[in-house]
Structure formats: C-alpha cells, structure tokens
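Visitor: I am new to protein structures and would love a friendly tour. Could we look at one together?

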Amino acid sequence: MERPRTPPSGDSTGLLDPTDWEAFRALAHRAVDEALDDLATVRERPVWRPLPDELPAQFHAPLPRAPQGADAAYADYRQWVAPWQMGNTHPRFWSWYMGAGTPFGALADFLAAALNPNMGGGNHVANHVEAQVLDWCKEIVGLPLESGGLLVSGASMANFVGLAVARNAVEGVDLRTDGVQALPARTSWYASSEVHSCVQKALELLGLGSRALRKVPVDAEFRIDLEALEAMIAADRAAGLEPRCVIGNAGTINTGSVDDLAGLAAICRREGLWFHVDGAIGAVLALSPAHRHLVAGIEQADSIAIDLHKWLQVPFEAGCALVRDRQRHRSTFALTPEYLEKTERGLASGPLWFSEYGLQLSRGFRALKVWLSFKEHGLDRYAELIDRNIRHARALAALVEAAPDLELMAPVVINIVCLRFNPGGLDDQRLNALNEELLIRLHESGIAAPSYTTLGGRYCLRAAIANHRTDERDLRTAVDAIQRIGAELIRG
Ligand SMILES: Cc1ncc(COP(=O)(O)O)c(C=O)c1O
C-alpha cells in the first residue's frame, strides 16, 4: 500500500508534533519492532529480575525543562524501563491474577491514543465502539442488551459502580441529595469471607462503612454457605438492620472458588435484595461450553463486575460494569451542567454519553483494544484459553499431589492452585517461614512467578494461571524449581 505523503512541517504541524515526520516514522517503526521482538522472545528471559541498584537514581531526575528529543527519550526507555518488567507477559507468570496482554492489544492502545477521543460523551464513532463492546459483555454473561454498562479501569471500579447503584436503589430516600444519613436504618451487605478487598473499599467509600459488610462463612471448597447467609439476613432484620445486597463471587482471588450463584439469586429474590456478582475472574467462564455451568445464575444478577484485563488478556486497564436496570444506573451518576448539555445536532448530540454512567468525565478509548481483540481472535478462542488454563491448573495440581514433598492446599476449581513445599516433620509455623523464603528465591531465580496467600493460617504458594503463553512444560519447570529450592533450604 502506498504510504501517505509526509506532511510538511510548519503551519500544519503542532508545537508538539515531530519536526521531521520521516525521522519520527523511523523511530516509531523501530519501537514497534523492538516491542514485538521482546514479546516474541519473552520465554527466553527470566520471568522477573531484581532491579539494579543504580536504577532508582534514574527516576530522581529534576524536571526536564529542555527538550531531549524523542530519540534520546526512547533510548532511556529502552535502557531503564523496557528490560525491568513486572513479568506478566512471560509464560511462567502466575502471580495475583493477571492477563499477559497480546501484541494486537498493544497495537490497539497505540491506535486508541492516536485517535485520542474523549469517551465522556459527544457524537463520534468511538462511543459506538464502546456500546458494541458493552453489548458483547452483556451477551457473554446473559444480561439483556437494554442493561446499562460502562468500561472502567478494572473490577475494583466495576464493583464500585455496581454497588453504588445498589446503594442508591432505595425507594423513598433521595440518596444523591440527602446522603446516607437519610437512610432509615443501617444497611447490611453480604459476601463470603473470601470476597475481594475492593468490595470493602467500595462500601467504605460509599459511606456505608466496612461494618456494613457481613462476611459469611464458606464451605470446604471456599463457597459461600447459603444457610449461614440466610441466618445472618434473618438475624440482621431482627436487629433492626436493613439487608440490602448480596455479593456473589464468580472466582475468588484466593482459590478461584465460585459461589452457588443460582442459589444466591434465589435468596435475593425471596428477600428482596440486590444481587451483585464480582465476576472479575470468573464471569468469562460463561464463554466456555465445558465450564459455564460453574457460573449458572450469573444472568440473574442485578449488577456484575467483569475484568477484561485478566483472563481475556486485554492489556491493562480494562474492566466492565454491567447493571440490569439502565435507568437506575444512569440516575446514580448522571449530572448535566450547562457546559455538558446535549444538542439536537452537531458534536454535542447523540445518545451515548458514558460519563452519565460513572464517576469519570474524561475517559480513554479502552473500548478499542477490546473491540479489536475480540474481532481478532473470536470468542471461541478465548473459551479455548479458559479450558486450557483450567487443564493446566489440574495438571499442576496432579504434579503436586504426585510429589512426596509438595502439598495441595485447596481444591482446584478453575485455574488457581495453592500449594506448599512440605518435606514432612515441620510444624505450620516453620513451613510458613520456609515457603515464604522459597517463594522469594523462586522469584529471584527468574524461573517462575506464582504469588502467595494464607489459608487457615497456612502460607501457600499460589499459581493463578490466566496466561495464554503458558504450556505444559512450564508447569514441570516450576515444580522442579520449587522442589530444588525447597530441598536447598532444608539442607541450609
Ligand atoms: C475477585 C476479584 N475481584 C476484584 C478484583 C479487583 O480487580 P482490579 O485489580 O481489576 O481492580 C480482583 C483482582 O484481582 C479479583 O481477583
């Protein structure tokens, strides 16, 4: 294809545009080539490396008042930033719960920034891209297309949005005007003891206080105990509290456990409670014919938080808040001062004003990387990834169970495996210290990067395999390293 003519420098070029477009084009091509080379060869490098001692000093420079130029700035990036990655693009990164990103996703972020629309509102095509992506997310989890939705930074924000709408969905009180003081009684919000901390943060920021979060016990597979939940709701009502909402987990952060969502939906219906699902990890299980039964009932939720930068591998940040009642969603956030009023025609016309569905006015075009990624791969391929990662988790669990010096610490439901090195003869306190040191040495070795959690007071290594680059060999490599480092630690 013929290249567009190089624009002349001068009047048609902005103060911050390149003075030499050809030179900049060469730099851009080189940057793309080098980024893609890094991605294509990521397996050959350590997952993670400690930062060199001299590195922090590079980030204490005074304000750069004079221009350095793009070439020199890019050289600094290549020297001081690019080599010292977090590691989550690597096949053996299984820490916390993160996606690995994709090359096309990265390119999409460039394209989004090149267009640079503001997704707060206005009549321009990017809003249609976001609306399309939201419709696709609704289709994944089975919410009606009329539902409200918003792309957000991640599940913390998506949970906040859903819970804010749930808080305001109360008859007879104008919460936006009168605040939580106007509520006739303290409200209670229920979730299992495994719920992610961002739910508590959201309730604190919504003025409800962390005491409003009632943590319900879990069963042996870390799922919410429905009977205990019902008993807590009854006890709270008897004590004059106002039960408001149940938050179901579709994939807990510790073990990947999935609550009985259909059971929770039935309780919410019976009790007249809002049903919110934190589907940061597992909402997308609905894509997989083999595993969607795990999240049956998610389609009955009043609101759902989904993360796209986790199992669906969209580069950070990309989360999605869905709310069944679009009107309630909008009325929680919409506020239209004169400078944001809509017009019949022109740039300020059109129905799509996403700033009316969340806290942000100015918003980035994160929808583009989701739209392009879904089109690139098709959703069946993501279902294949989900199935594959679950197979990996089971294979890792099998390796652990077959090893005399390793111990599986929780049932494997989806793609999270909790384990520890346990050669026998040591109490939990010594095993905790041993495994903590083992994990740090494993990270420092650069071989693999699981993370950690503590279950029932017992420290575990925790591998969350939400990684499209992982293959079977990686599991064996990690297990061998854990056993070797564990044995070294025992020998002293
Ligand atoms: C179950 C669950 N909910 C919420 C979150 C918060 O998501 P984010 O980091 O995208 O804000 C996480 C993050 O790992 C999670 O695992």
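**A walk through the model**

Guide: Let us begin inside: strand S2 (residues 148–152) is largely enclosed by the rest of the structure, because 5 of its 5 residues are buried. Buried means under 20% relative accessible area, exposed means over 50%, and partly exposed lies in between (1.4 Å probe, protein chains only). Helices (H or I, at least four residues) and strands (E, at least two) are DSSP runs, numbered from the N terminus. This is a predicted model, in which local features need pLDDT of at least 70 and side-chain atom pairs count only at pLDDT 80 or more, while totals for chains, interfaces and linings use all residues. Residues are numbered from 1 along each chain as its sequence is written, and side-chain values use heavy atoms, with hydrogens and water left out.

Visitor: Which residues of S2 point the other way from Gly-148, Leu-150 and Val-152?

Guide: The residues of S2 point in two directions, and all of them are buried. Gly-148, Leu-150 and Val-152 point one way, and the other way point Gly-149 and Leu-151.

Visitor: In S8, what is the bridge partner of Leu-151?

Guide: Strands of a sheet pair through backbone hydrogen bonds, either parallel or antiparallel. Two strands pair if DSSP finds at least two bridges between them. S2 and strand S8 (residues 319–323) pair in the antiparallel sense, over 5 bridges. In S8, the bridge partner of Leu-151 is Cys-320.

Visitor: What is the radius of gyration of the protein chain?

Guide: The radius of gyration is taken over C-alpha atoms, and the globule rule is 2.2 Å times the number of residues to the power 0.38. For 492 residues, a compact globule would come out near 23 Å, and the protein chain agrees with this, at 25 Å.

Visitor: How many helices and strands does the protein chain have?

Guide: The C-alpha atoms fill a box of roughly 75 × 70 × 45 Å along the principal axes, and 50% of the 492 residues count as buried. The protein chain has 14 helices and 12 strands.

Visitor: Which strands stand at the edges of the open sheet of 5 strands?

Guide: The order of this sheet is S1-S11-S12-S10-S9, with mixed pairing. Each edge strand has a single partner strand, so one side of each is left without a neighbour in the sheet; these are strand S1 (93–94) and strand S9 (406–408).

Visitor: Which residue in S10 stands opposite Glu-407?

Guide: S9 and strand S10 (residues 416–421) run antiparallel and are joined by 3 bridges. Opposite Glu-407, in S10, stands Arg-420.

Visitor: What covers the buried residues of H11?

Guide: Helix H11 (residues 367–377) has several buried residues, among them Leu-368, Val-370 and Phe-374. Just after H11, Gly-378 takes a positive phi of about 75°. The cover of the buried residues includes helix H3 (103–115), helix H4 (125–141), S2 and helix H12 (379–402).

Visitor: How far apart in space are Met-119 and Ser-362?

Guide: Met-119 lies in the loop between H3 and H4 and is buried, with a relative accessible area of 0%. Its contacts (heavy atoms within 4.5 Å) include His-124, Phe-354 and Leu-361, not counting residues up to four places away in sequence. Met-119 and Ser-362 are 243 residues apart in sequence, and C-alpha to C-alpha their separation is 6.3 Å.

Visitor: Is Leu-285 buried or exposed?

Guide: Leu-285 is found in the loop between strand S6 (274–279) and strand S7 (303–307). Among the residues that Leu-285 touches, not counting those up to four places away in sequence, are Val-258, Trp-311 and Ile-414. At 0% relative accessibility, Leu-285 counts as buried.

Visitor: What is phi of Gln-313?

Guide: Most residues other than glycine have a negative phi, and most peptide bonds are trans. Gln-313 is in the loop between S7 and S8 and is buried, with a relative accessible area of 2%. Its phi is a positive value in a residue other than glycine, near 70°.

Visitor: Which residues does a cis peptide bond join, with omega about -5°?

Guide: One partner, Glu-317, has its place in the loop between S7 and S8. The cis peptide bond joins Phe-316 and Glu-317.
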